[in-house]
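Let's take a look at the aromatic side chains here and how their rings meet. Have the viewer open while you read.

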Amino acid sequence: PARERDPRHPNPHFYYDQEDCMLKLQQDGSWTWSCPRPHVICGFALGNALNLISVLAVYATMCRELKRPFTFPGKPGAFTSIYQATDAGLLARAMEWMATDPRCANQAFNITNGEVFEFRDMWPALAATLGVDVGPDEPLSLAAYLPARSAIWDEVVRSNGLRGIAGKGELLEEDPLAEHAHDLVGADQGGEEQEGGHDRDAGIDADAGRFLDDLDVRGRRLL
């Protein structure tokens, strides 16, 4: 929910199933819970495939190796939708606070950087950070695109002395990293966030700075 007090979204979601199971187990009141609700988590985490920073760096590498522009792969509407991000360090500090402060018992907390951005504003900066030429919108499934070019990635790994997430260099079939990024940039998220009345330009610079700092660290390790 956009606010912690808002009702659940009507669509089924396994997070709700997990929360219902937890609430049922906690009925005796012998322990408490706290639930963090981050948005798009970005930050360096070795071996964590569910990270937009990683997949953008891999995708940019593929574009560079194939000498093609860094096109935006999301669905129509995603390029101009309002997003938020959550820095991994901020999330860690929030979770520590939630776990140690009794006032946080039995509550859920939305955890974000506090600013908003759109990929149409971020994409040129991402391209510059990763050293590729920016391209137009070109909807495609990264979950299919990246594994189909695993031989190129194997050569990148070999020539740069990298180590694959799974202990090997290849991009795996049904790669969760690629699937995660496709979910994030491939959906039009114009609903809850836009209803909040955010000024599109209000938080772009600040949030983009955090995003690009993470991308620079993560991207340099991959590239």
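## Aromatic rings in the predicted model

At a relative accessibility of 15%, F109 counts as buried, because the cut-off for buried is under 20%. Keep in mind that this is a predicted model. W97 comes out as partly exposed, with a relative accessible area of 38%.

How many aromatic pairs does the structure hold? There are 12 of them. Two are set out below, starting with Y83 and F119, an edge-to-face pair. That one bridges distant parts of the chain, 36 residues apart: Y83 sits in the loop between β3 (70-72) and β4 (85-87), while F119 belongs to helix α4 (residues 119-130). Both Y83 and F119 are buried.

Then there's W97 with F109: the ring planes are at 65°, so this pair is edge-to-face. W97 is part of helix α3 (residues 88-100) and F109 is part of strand β5 (residues 107-111), so the pair ties together parts that are 12 residues apart in sequence.

| Pair | Centre to centre | Angle between planes |
|---|---|---|
| Y83 and F119 | 4.9 Å | 75° |
| W97 and F109 | 5.2 Å | 65° |

Now for the wider picture. Which residues do ring pairs link into a cluster? The members are Y59, F70, F72, F79, Y83, F117, F119, W123 and Y145. So you'll find Y83 and F119 again in that cluster.

Y145, also in the cluster, has a charge to deal with too: the charged end of R149 sits over the Y145 ring, 3.7 Å from its centre.

Notes: Residues numbered from 1 in each chain as written. Predicted model: local features only at pLDDT ≥ 70, side-chain atom pairs only at ≥ 80, totals over all residues. Heavy atoms only, no water. Phe/Tyr/Trp six-rings, centres within 6.5 Å; stacked < 30°, edge-to-face > 60°. Helix = DSSP H or I, 4+ residues; strand = E, 2+ residues; numbered from the N terminus. Buried < 20%, exposed > 50% of the residue type's maximum accessible area, 1.4 Å probe, protein only. Lys NZ or Arg CZ within 6 Å of the ring centre and 35° of its normal.
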